[in-house]
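Colleague: Could you walk me through one part of this model in detail? I'd like to look at the ligand site and what sits around it.

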Amino acid sequence: MRTLTDGRGLLFGGDYNPEQWPEEVWKQDAELMRAAGVNLVTVGVFSWARLEPEPGRHDFGWLDRVLDLMAEHGIAVDLAIPTASPPPWLGHRWPETLPVDEGGHRLWYGSRNQFCPSSGPYRERSQSITTALADRYAAHPALAMWHVGNEYGEVCHCDVSARAFRSWLRDRYGDLATLNEAWGTTFWSQGYGDWAEVVPPRRAPYIINPTQRLDWWRFCSDELLAHFREQRDLLRARTPSVPVTTNFMGFFKRVDYWSFAGEQDVISNDCYPEPGDPLSPARTALTHDLMRGLAGGRPWLLMEQATGAVNWREHNLPKPPGQLRLESLQAVARGADGLCYFQWRASRFGAERFHAAMVPHAGPDTRLHAEVRAHGQELRGLAGVAGEPVPARVAMVFGWESWWALEDRGRPSDRLNAVDQLLRYYVPFFERGVSVDVVPPGADLSAYALVVVPNLFLVGDGDAAALTAYVNGGGVLVVGPFSGVVDPHSHVRTGRFPVPLREVLGASGEEWLPASGPVACRWHGGAPFEAETWTELLRSDGAEVVAEFTGGDLAGRPAILRHRSGEGVAWYVGTMPEPAALAALAGRALADAGVTGVLDGLPPGVEAVRRGEVLFLLNHGATTVRVPVPEPGVDLLTGSPADDHVTLAPRAVAALRPEVPTA
Ligand code: GAL
Ligand code: ZN
């Protein structure tokens, strides 16, 4: 297998959709790309109708010319398998390929993504176009990577999907009696007597069985994975050394990316931070860290980002000058070896004609394109960073199954959400310049000094035992509220909670109590703070009470506990502390673990992260700051030396390589 960058330094480029332009423009595109340092383009993501105007009749001539042109200009191609947007002929001739929503309505073509993942004709036509593309371009010199589909996430509730769901359930449970038990169908008279009665969770009068829903999430994700694997296997058989990827969407709920990750050769992601949200820098950093986790610590690829405003929010804020560079370098700092955009040239027509691009409607002689070009060129200075790891001593556990199980209807509060919890816990580490790996439940934790579990509502016995063993072996663990509540069938574990973790936590609870307003708390013998949304009736079973509730019915009861267990320490947090209190807690857990940030005295708004030996400093704040640096270095972006500090204007970045001073 070739490596992601294949010795070309960092990759830079974007989605290239030449079929939207006359051929005269292509030549200009290639010249402009070269001038901008573009060395990778993704071609053909939405070209199916153009490549196969009718079933089995192919028109590859234009794509041949595009790939040849790219090869002539030294630009590698990430060639797409165009299955994300089938041509109208598929839905017209095989209406059953069109997806059906929960309410039984069929969705039409005229947009994109209109397919039923379980449909036979869709699966066959997908394999046929994949085979044709792979056979034709296997030996093309421009081919560097395969890009299967686009942002997998489709769901269908039709009868074909129902049959596939049943067969998935048969594999899981064997017989109906076991399914009935797993789904708890004695509740509300839901017992199934015949497999034909089992259906997807379609629109129903009231709350749907939570285990039926959980299994549906699992099934839908597996079905998309099955589609991905079919194409990947066809590609691998023809081009064993060309990596295969499909682009993720960060914390996207419908697909379990942990299960996809191991099936891909390269992890790639699309990332569109909300410009107006002050939490965007942290949220984006967390997403990048998730990608690094999915990649098993290896480099990943930022497949899509925007140079400016997107067009799919209600009110699309632009990016101020310097922002595209700042965001792109943030990804480099957190392990990306490629920085690509959607898309190269702004479309004149179609649903995304008001989406920013690398070449705007106004052309290359623009502020925006000049920024793109300068950024592409400066990335050459960072070539040495390609392939380098981002070391982290802290891990955060996040799993899709628990996310699915948690965020369903009929729970104590809809206000406790998996990704929100993760972000809350992540922010204090981000602000201190402490790198965090995101890992799945059950991951090997031996490399980490501190493991944080912001929420793990659903936990298997083995995964809980692994957390316990981690602490007893000397690790420091922090567990957030409403964790360890249900088993993998989403059945409540009875007894004082969190049942599988209470021993290691030295604490247990008996009631979950959503709060109506701010909750008064106090550090034991210390300062007051506030919490919100969620409280629990807890007791210590040997843990030290670190903070207690001071107001309301829980006054005097524990809110946060800390327990020495074996060689390690376990914390339990039975509420949602305000950010400052969570930061204080993170500080104490870091002290327990003996972990510090990459530098002392990091000014607010500045992100600090080390990749390999290079220290990245990124100013997300609105003011110019002076950042002390731990050792003398050279800024790889400017070539300027830095002795004991750097000065960063808003949106400025430094990438410091330590330099041993010559005597
Ligand atoms: C992505 C998608 C691209 C384009 C982009 C616009 O989700 O993969 O094809 O639609 O959004 O922001
Ligand atoms: Zn279907």
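Before we get to the ligand, how many of the residues of H11 are buried?

Modeller: Keep in mind that this is a predicted model. On H11, 10 of its 11 residues are buried, so the helix is mostly covered. Among those buried residues are Gln 323, Leu 324, Leu 326 and Glu 327, and the list runs on through Ser 328, Leu 329, Gln 330, Ala 331, Val 332 and Ala 333. After H11 comes Gly 335, which has a positive phi near 110°.

Now go back along the chain from that helix. The loop between strand S8 (300-304) and helix H11 (323-333) holds Trp 312, and that residue brings us to the ligand. An N or O atom in the Trp 312 side chain is 2.7 Å from an oxygen atom of ligand 1. Glu 151 also has a polar side-chain atom by the ligand, 2.5 Å from an oxygen atom of ligand 1. For Tyr 272, the distance from a side-chain N or O atom to an oxygen atom of ligand 1 is 3.5 Å. On its own, ligand 1 has 310 Å² of accessible area, and the protein covers 95% of that.

Here's the full set around ligand 1: Phe 46, Arg 112, Asn 150, Glu 151, Asp 270, Tyr 272, Glu 304, Trp 312, Phe 342, Glu 352 and His 355. Sorted by class, that shell has four nonpolar, two polar and five charged residues.

Back to Trp 312 for a second. Trp 312 counts as partly exposed because its relative accessibility is 47%, and partly exposed is the class between under 20% and over 50%. Setting aside its neighbours within four places in sequence, Trp 312 is in contact with Tyr 272 and His 355, and both of those residues also belong to the ligand's surroundings.

The UniProt record (an unreviewed entry) puts the feature "binding site" at Trp 312, and also at Arg 112 and Asn 150. Arg 112 is in a loop too, the one between helix H4 (88-93) and helix H5 (120-137). With 32% relative accessibility, Arg 112 is partly exposed as well. Not counting residues up to four places away in sequence, Arg 112 touches Phe 46, Ala 84, Ser 85, Asn 150 and Glu 352. Of these, Phe 46, Asn 150 and Glu 352 turn up around ligand 1. The side chain of Arg 112 also makes a polar contact, at 3.3 Å, with the side chain of Asn 113.

Terms used. Residues are numbered from 1 along each chain as its sequence is written. Chains are lettered from A and ligands numbered from 1 in the order in which they are written. This is a predicted model: local features need pLDDT of at least 70, side-chain atom pairs count only at pLDDT 80 or more; totals for chains, interfaces and linings use all residues. Side-chain values use heavy atoms; hydrogens and water are left out. A residue is near a molecule or strand if one of its heavy atoms lies within 4 Å of it. A polar contact is a pair of N or O atoms within 3.5 Å; within protein, one must be able to donate a hydrogen and the other to accept it, and residues adjacent in sequence count only if both atoms are side-chain atoms. Accessible areas come from the Shrake-Rupley method with a 1.4 Å probe; for residues, only the protein chains shown count as cover. Ala, Val, Leu, Ile, Met, Phe, Trp, Tyr, Cys and Pro count as nonpolar, Asp, Glu, Lys and Arg as charged, and the others, Gly among them, as polar. UniProt positions are given in the numbering used here, feature names are shortened, and annotations may be inferred rather than shown by experiment. Helices (H or I, at least four residues) and strands (E, at least two) are DSSP runs, numbered from the N terminus. Buried means under 20% relative accessible area, exposed over 50%, partly exposed in between (1.4 Å probe, protein chains only). Contact means heavy atoms within 4.5 Å.
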